[in-house]
Amino acid sequence: MDSDPPFHETYKTLFAENESWTTKVSPNIDRHTTVEEGELPLVDLSRLALDDEAEKESCKEEIARAAKEWGFFQVINHGISRDILDKMREEQVKVFKQPFYNKCREDKFMNFSAGSYRWGTPTATSLRQLSWSEAFHIPMTDISSFGSLNTTFSSSVEQFATNVASLAQKLTEILAEKSGHNSTFFQENSLLSTCYLRLNRYPPCPVPLFGLMPHTDSDFLTVLHQDQIGGLQLVKDGKWIAVKPNPEALFINIGDIFQAWSNDCYKSVQHCVVTNPTKERFSAAYFLCPSNETVIESCIKPSVYRRFSFKEYRQQVQEDVQNYGYKVGLPRFLA
């Protein structure tokens, strides 16, 4: 039984409306006209454990500078063992190899929470809006029981999630400190019920569609572990940059809520994933999010954005996607 989602059958109307699908010309060619390959700022976190205070501060400054100038950076010597990362990837590959029907009935056949499996883009009205990918969306409150019929998988997910969550908190505290404000804000306002893990698979695609449409993340901060296939792209200085994979690094990016809180000091930048014609790609992302009731207010005056709750922000994003097919994001909340 096929494990891949039935993209062609489900979205056959969109494919039929796009002749370039049959001529093997990208329907998203405007997105790919100028893409440069580049390496993100690289930060060695082992320096934070040194006795040399000057070296510690230099490391923190590098983190803050990357968040300001890029909104994305990579970290090495991050404290998460290769064994944890490799086991997580091994179990992730196994779960995605399950038959498609089983994944769709994840609560019955895989003992996962109902609704955790997602694929494609239900709201897509054109191929430009279609994400050629599948994912398991796992709230942190479900981590310990997720896939409990498979104890190896459940243990691997929990180990990975626990470690990346700790790393995310450490980085947000540093970024808050370097902006001169309360470094405990994120710890006090991030709950297990709103933070989550997303396991992604991008099947091979015969033409270069999006694996994940261009977007910004609606959170404080994201920690990404990806394989070596490549496909992650981001915007820097108005140009799309293809991010070169690094087997030793985890990738960090600033989310919308952090940008608003920092009053645009730190940048939440557009990024996407492009498909590979012959190879599947895997990644796992942890999203550090505030509680729904958390009120986001710029820490610097005058404020670029008005005060809003995380719940209000999420509702506005959902409404915009439903109405327009894309997320408007922070411009909705300008002061």
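In this predicted model, helix α5 (residues 53-69) packs against helix α9 (residues 151-178) with about 90° between them and 9 Å between their axes. Angles of 65 to 115 degrees count as roughly perpendicular, and therefore α5 is described as roughly perpendicular to α9. On the α5 side, the contact is made by E57, K60, E61, I63, A64 and A67, while α9 brings L171, I174, L175, E177 and K178. Sorted by class, the contact of α5 with α9 has six nonpolar and five charged residues, and no polar ones.

**The five-stranded sheet**

Let us turn to the strands. Five of them make an open sheet with mixed pairing, in the order β1-β10-β9-β12-β7. The edges belong to β1 (35-38) and β7 (210-215); each has a single partner strand, so one side of each has no neighbour in the sheet. From one strand to the next, the twist averages 30°.

If you would like to look at one pairing here, try β1 with strand β10 (residues 239-243): the two are joined in the parallel sense over four bridges. Within this pairing, E37 has A242 in β10 as its bridge partner.

**The eight-stranded sheet**

There is also an open sheet of eight strands, again with mixed pairing, and its order is β2-β3-β11-β8-β13-β6-β5-β4. Its edge strands are β2 (42-44) and β4 (117-119); each pairs with a single strand, so one side of each is left without a neighbour in the sheet. The twist in this sheet averages 25° from one strand to the next.

Two pairings involve β6. Strand β6 and strand β13 (residues 281-288) run antiparallel and share seven bridges; here L197 stands opposite Y286 in β13. Helix α6 (residues 82-96) packs on this sheet, touching β5 (134-139), β6, β8 (221-226), β11 (250-254) and β13, and its direction makes about 115° with that of β13. Helix α9, met above in its contact with α5, packs on the sheet too: α9 touches β3 (72-76), β5, β6, β8, β11 and β13, with about 135° between its direction and that of β8.

The other pairing of β6 to follow is with β5: the two strands run antiparallel and are joined by six bridges, and H137 stands opposite R198 in β6. How many of the seven residues of β6 are buried? Six are, so the strand is largely enclosed by the rest of the structure.

**Two buried arginines**

Strand β6 (residues 196-202) holds R201, and strand β13 holds R281. Are these arginines buried or exposed? Buried means under 20% relative accessible area, and R201 has 3% relative accessibility, so R201 counts as buried. R281 is likewise buried, with a relative accessible area of 3%.

The polar contacts made by these two side chains are listed here.

| Side chain | Partner | Distance |
|---|---|---|
| R201 | E134 side chain | 2.7 Å |
| R201 | E280 side chain | 2.7 Å |
| R281 | Q226 side chain | 2.4 Å |
| R281 | G230 backbone oxygen | 3.4 Å |

What else surrounds them? Setting aside neighbours within four places in sequence, R201 is in contact with D4, P5, F96, K97, S133, E134, E280, R281 and F282. With sequence neighbours within four places again left out, the contacts of R281 are N200, R201, Y202, Q226, D227, I229, G230, G231, L232 and V273. The two arginines are thus in contact with each other, as R281 appears in the list for R201 and R201 in the list for R281.

R281 also shows how distant parts of the chain come together: R281 and P204 are 77 residues apart along the chain, and their C-alpha atoms are separated by 7.9 Å.

**Putting it together**

A good way to explore the model is to begin at α9, which packs with α5 and also on the eight-stranded sheet. From there, step to β6, which α9 touches and which pairs with β13 in the antiparallel sense. Finally, find R201 in β6 and R281 in β13.

Methods:
Residues numbered from 1 in each chain as written. Predicted model: local features only at pLDDT ≥ 70, side-chain atom pairs only at ≥ 80, totals over all residues. Heavy atoms only, no water. Axes fitted to C-alpha atoms, helices over the stretch in contact; angles between N-to-C directions. Parallel < 35°, antiparallel > 145°, perpendicular 65-115°, else oblique. Contact = heavy atoms within 4.5 Å. Nonpolar A, V, L, I, M, F, W, Y, C, P; charged D, E, K, R; others polar. Pairing = 2+ DSSP bridges. Buried < 20%, exposed > 50% of the residue type's maximum accessible area, 1.4 Å probe, protein only. Polar contact = N/O pair within 3.5 Å; in protein donor to acceptor, adjacent residues only side chain to side chain.
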